[in-house]
Amino acid sequence: MRIDALPGHGAGGTFGPIAGRTDVKATLTIPTGPDAPSLPSLKAPARPAAPPPSSARTMTPWLVVVLVVVLFSGGLFGYDQGVISGALHGIKATFSLSALLVEVVTSWVTLGALLGALAAGEMADRIGRKRTVLIAGVMFTLGAVVQALAPGTLVLVAGRLIIGAGVGVAAVAAPLYAAELAPAAMRGRFVSAYQLAITAGIFLAYLIDGWLSGGDSWRIMLGAAAVPGLLLFAVALAAPRSPRWLMMKSRRADAAVELRKIQRVEDVEPQLDAIGAALRQESERASWAVVFHREWRRPLMIGIGLAVFQQITGINAIIYYADQIFASAGFATQSAQTTATTWAIGGVNVLATLIAIAFIDRLGRRKLLLAGLTGMAISLLAVGIAFRFIVPPAAGATPAGPSVAGIVTLLALVGFIICFAFSMGPVVWTVINEIFPGHIRGRAVAVATAVNWGSAFLVSQFFLTLIGAMGNSLTFWLFALFCVVAWAWIYFRVPETKGLSLEQIQLLWKEHS
Ligand code: BGC
């Protein structure tokens, strides 16, 4: 299968081998000519000479609406994940929870997210991306209200599950929606905006946790998510449908209407032809068997691999347990720990994500991933070394403040967050949402997302156990080792997808299977 099998693409030169692989000799036929889309090399992406028809770069009003849907979905994901640490104190006081129930209240959001993600794949393929986002909006609102009004633990846990399911559904539907509606040249930035919103949600949750404390204020913390939940529903109601999904449902006329509206161009026929041609190549009907079929094993392994590496390199151990890490690094008071966590972790995470937004469509996915993982490994190595020099205060003694090693830990964690925020955070979600063929995209993204939540659950569940068993230094060095493994795996297995349309990306797998 050649790129020029797509309508409107002439024959031209060839590229190879793929992504640093020397064993793969296959080549891609590259279209040339003034109007041809330029296909970046897989290992060293070149700037497209002329934007292809599918790579409009104009930010139209409807694309802004798409962006707002994505921002609300990501923001709610981050907020609902981040808010619990601050709310837990009050919940424990109101319901006098056992240790087991504390764990259930904390972690069942992840469980709900895992189930929600799996269900959302099927939903997104059957009822469409937009309606699936609407369902997420309803779940966010309902879950927030149920939690805020919970008269007892059982209802509270039900609310945690509902909101978790909302997070899972949104985590599949929103980036998928963004990836399908954004023009190819802006796709990375759109999906990275989703990550930016996640980080802003976490940051806001940290801030609100800091401002509100005591009594029943946990009800406000958890209930506050109902407002953006409702707003998400309202904006998604007005938002355009995915032309790619409409084409999948053989609704070409509707797809044309939406595409004209979104991109503000009259002649959308070449794009619809390209989408249609790619769909014809994928003759099978969407089913779970097709998702796991040999033909799509390579993108599936890449999606799952990235999802796992994003978590086992340690991000959520740091996001969830930053206060405790700072405490063991000598930040003695609760307020010193909260300030360090809010600004050094939460604030820096938001700011550094802007780097990805600026560069993901220019430098490409691979360069950001490889640079980010290098920085993450060095930072984790430094955290591990610093912990070797941290002496716990004698029993009963009040530490004078963070030692030099404590400050080094803080700086190294900031370095880690910066590097994650411009690489493994946004780029992983971007790649997961662009590598699968249209007919299985919803389900395959759902599998990768569910694996991501499963890995997040395991890491957050076992982080403290690991520290107890191996000590701080070895635990952080283990995360650093995973960064090195991830680096090598990405170098050899993950191709560059910058600037390619979703249809062109499918040809990578056909050429190299
Ligand atoms: C990850 C989350 C993580 C967040 C931190 C996301 O990309 O999927 O698990 O908490 O980044 O910014």
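**Exercise 1. The largest pocket**

Find which helix supplies the largest share of the lining of the largest pocket, then describe that lining by class.

*Solution.* Start with the share: helix 2, residues 84-95, contributes 9 residues to the lining of the largest pocket, and this is the largest share. Keep in mind as you work that this is a predicted model. Next, take the lining as a whole, which has 46 residues. Ile 84, Ser 85, Gly 86, Leu 88 and Tyr 320 are the ones that lie nearest the centre of the pocket. Now sort the lining by class: 19 residues are nonpolar, 22 are polar and 5 are charged. Finally, note the volume of the largest pocket, about 1,300 Å³.

**Exercise 2. The largest cavity**

Work out how many cavities of 30 Å³ or more the structure holds, and describe the lining of the largest one.

*Solution.* First, the count: there are 4 cavities of 30 Å³ or more. The largest cavity has a volume of about 200 Å³. Then look at its walls, where 19 residues form the lining. Nearest the centre of this cavity lie Phe 77, Gln 81, Ile 198, Gln 311 and Asn 316. Moving from residues to elements, two or more lining residues come from each of helix 1 (61-82), helix 6 (187-211), helix 13 (297-312), helix 14 (315-328) and helix 19 (441-470). Last, the classes: the lining has 10 nonpolar residues and 9 polar ones, with no charged residues.

**Exercise 3. The ligand**

Decide which cavity is the space taken by the ligand, and identify side chains with an N or O atom 2.8 Å, 2.6 Å or 2.9 Å from a ligand oxygen.

*Solution.* Begin with location: the ligand takes up the space of the largest cavity. Now list its surroundings, which include Thr 199, Ile 202, Asn 349, Phe 420, Trp 429 and Asn 452. Go on to the distances from ligand oxygen atoms to side-chain N or O atoms. For Gln 195 the distance is 2.6 Å, for Gln 81 it is 2.8 Å, and for Gln 311 it is 2.9 Å. As for cover, the ligand on its own has 310 Å² of accessible area, and the protein covers 99% of that area.

The shell can be handled in the manner of the linings above. Helix 6 and helix 13 each give at least two residues to the shell around the ligand, and helix 6 gives the most, with 3. By class, the shell holds 3 nonpolar and 9 polar residues, and no charged ones.

**Exercise 4. The second largest cavity**

Establish which helix gives the most to the lining of the second largest cavity, and check how many of the lining residues are charged.

*Solution.* The volume comes first here: the second largest cavity has about 100 Å³. Its lining has 16 residues, and those nearest the centre are Glu 180, Ala 182, Arg 244, Gln 263 and Gln 271. Next, assign the lining to elements. At least two residues each come from helix 5 (153-181), helix 9 (243-248), helix 10 (252-263) and helix 11 (269-281). Of the elements, helix 5 gives the most, with 3 residues. To finish, count by class: 9 residues are nonpolar, 4 are polar and 3 are charged.

Definitions and conventions. Residues are numbered from 1 along each chain as its sequence is written. This is a predicted model: local features need pLDDT of at least 70, side-chain atom pairs count only at pLDDT 80 or more; totals for chains, interfaces and linings use all residues. Side-chain values use heavy atoms; hydrogens and water are left out. On a 1 Å grid over the protein atoms alone, a cavity is a set of points where a 1.4 Å probe fits but cannot get out, and a pocket is an open set with protein on both sides within 12 Å along at least five of seven lines; lining residues have an atom within 4 Å of a point. Grid points are joined across faces, edges and corners, and a volume is the space filled by probe spheres set on the points. Helices (H or I, at least four residues) and strands (E, at least two) are DSSP runs, numbered from the N terminus. Ala, Val, Leu, Ile, Met, Phe, Trp, Tyr, Cys and Pro count as nonpolar, Asp, Glu, Lys and Arg as charged, and the others, Gly among them, as polar. A polar contact is a pair of N or O atoms within 3.5 Å; within protein, one must be able to donate a hydrogen and the other to accept it, and residues adjacent in sequence count only if both atoms are side-chain atoms. Accessible areas come from the Shrake-Rupley method with a 1.4 Å probe; for residues, only the protein chains shown count as cover. A molecule sits in a cavity or pocket if more than half of its atoms lie within 2 Å of its grid points.
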